[in-house]
Amino acid sequence: YAFKSGFRKALIALSGGIDSAVVAVIAAAAFGPENVLGVSLPSSISSQHSRDDARILAHNLGIRFETIGIAEAVLACEQALGPLFVGRKPDVTEENLQARIRGVMMMALSNKFGSLLLTTGNKSEVAVGYCTLYGDMCGGLAVISDVFKTQVYALSRWINRDREIIPVNTIEKPPSAELRPGQTDQDSLPPYDLLDAILRGYVEEGLS
């Protein structure tokens with residue numbers, strides 16, 4: 001797909017999570033590590049271990065790695081919206097601001113350098129809408145959107161069969177979008193082994 005469309009370079013937002021890690025591994029194999037850029041976009045609530053996991057992954061793959069902090073951009077948007085939001089408590093609106101600012105940054109890099117931005121949403125979260133429109137859904141190719149989350153874990157273990165490429169911490173830590181302090185996916189979703197079993201029946205087998 002990439003070469004037919006003229007792209008020779010790939011771009012990935014590296015969150016330190018397992019989905020972006022697997023996409024980065026695939027990109028490095030498809031484009032060559034020298035043609036892949038991984039970008040960390042931490043906000044004020046991004047954990048240090050996620051930043052470290054992203055950096056270690058990029059090092060293990062031999063891809064270029066850059067960091068663009070978004071805390072000031074998030075604050076600027078919150079201040080601009082503040083007069084209209086008076087009296088309303090912070091909610092998913094502020095959480096999604098972070099994802100959308102990341103999308104803007106990544107699309108700017110894609111435009112400027114002619115790189116194909118790869119999205120990292122898996123089939124489980126896409127099927128139930130656990131993603132941000134115009135945020136983490138930005139990109140030109142959804143690499144693992146037909147791969148359930150449990151399959152993403154299986155792929156990560158296969159990738160690490162001979163040596164540690166994806167940091168073990170990335171695989172073992174509870175999955176989280178890190179859009180609010182202490183957030184985990186299981187705050188909003190069933191455990192992925194249960195969710196994937198339901199989705200296989202509903203999405204793939206046409207069950208009620």
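In the predicted model, the side chains of Asp-52 and Arg-55 meet in a salt bridge, with a nitrogen-to-oxygen distance of 3.5 Å. Both residues belong to helix 2, which comprises residues 48-61, and they are three residues apart, or about one turn of the helix. This placement is in keeping with the geometry of an α-helix, which has 3.6 residues a turn, so that residues three or four places apart point the same way. Neither partner falls under the 20% limit for burial: Asp-52 is partly exposed, with a relative accessible area of 25%, and Arg-55 is likewise counted as partly exposed, at 43% relative accessibility.

A search of the whole structure finds six salt bridges. Among them is the pair formed by Lys-149 and Asp-19, whose closest N and O atoms are 3.0 Å apart. This pair links distant parts of the chain, since Lys-149 lies in helix 6 (residues 149-159) and Asp-19 in helix 1, 130 residues apart. Lys-149 has a relative accessibility of 3% and therefore counts as buried, and Asp-19, at 9%, also counts as buried.

A further salt bridge is formed between Glu-204 and Lys-123, for which the closest N and O atoms are 2.8 Å apart. Because Glu-204 lies in helix 8 (residues 192-204) and Lys-123 in helix 5 (residues 123-128), the pair ties together parts that are 81 residues apart in sequence. Glu-204 is partly exposed, at 46% relative accessibility, whereas Lys-123, at 10%, counts as buried. The two residues are also linked with Asp-146 in a network of salt bridges.

Helix 1, which contributes Asp-19 to the pair with Lys-149, covers residues 18-31, and its end C-alpha atoms are 20 Å apart, in agreement with the 20 Å that its 14 residues should span at 1.5 Å a residue. Of these 14 residues, 11 are buried, so the helix is largely enclosed by the rest of the structure. The buried residues include Asp-19 and Ser-20, together with Ile-18, Val-22, Val-23, Val-25 and Phe-31, and the alanines at positions 21, 24, 27 and 28 are buried as well. Just after the helix, Gly-32 takes a positive phi of about 90 degrees.

The sheet on which this helix lies is open and is formed by five strands in the order 3-2-1-4-5, with parallel pairing. Strand 3 (64-67) and strand 5 (141-142) stand at its edges, and each has a single partner strand, so one side of each is left without a neighbour in the sheet. Elsewhere in the sheet, strand 1 (residues 10-13) and strand 2 (residues 36-40) pair in the parallel sense over four bridges; within this pairing, Ile-12 has Gly-38 of strand 2 as its bridge partner.

Two helices were examined with respect to these strands. Helix 1 lies across strand 1, strand 2 and strand 4 (116-119), and runs at about 170 degrees to strand 1. Helix 4 (residues 92-113) also packs on the sheet, where it touches strand 1, strand 2 and strand 4, and its direction makes about 170 degrees with that of strand 1.

Key. Residues numbered from 1 in each chain as written. Predicted model: local features only at pLDDT ≥ 70, side-chain atom pairs only at ≥ 80, totals over all residues. Heavy atoms only, no water. Expected span 1.5 Å × (residues − 1). Buried < 20%, exposed > 50% of the residue type's maximum accessible area, 1.4 Å probe, protein only. Salt bridge = Lys/Arg side-chain N within 4 Å of Asp/Glu carboxyl O. Pairing = 2+ DSSP bridges. Contact = heavy atoms within 4.5 Å. Axes fitted to C-alpha atoms, helices over the stretch in contact; angles between N-to-C directions.
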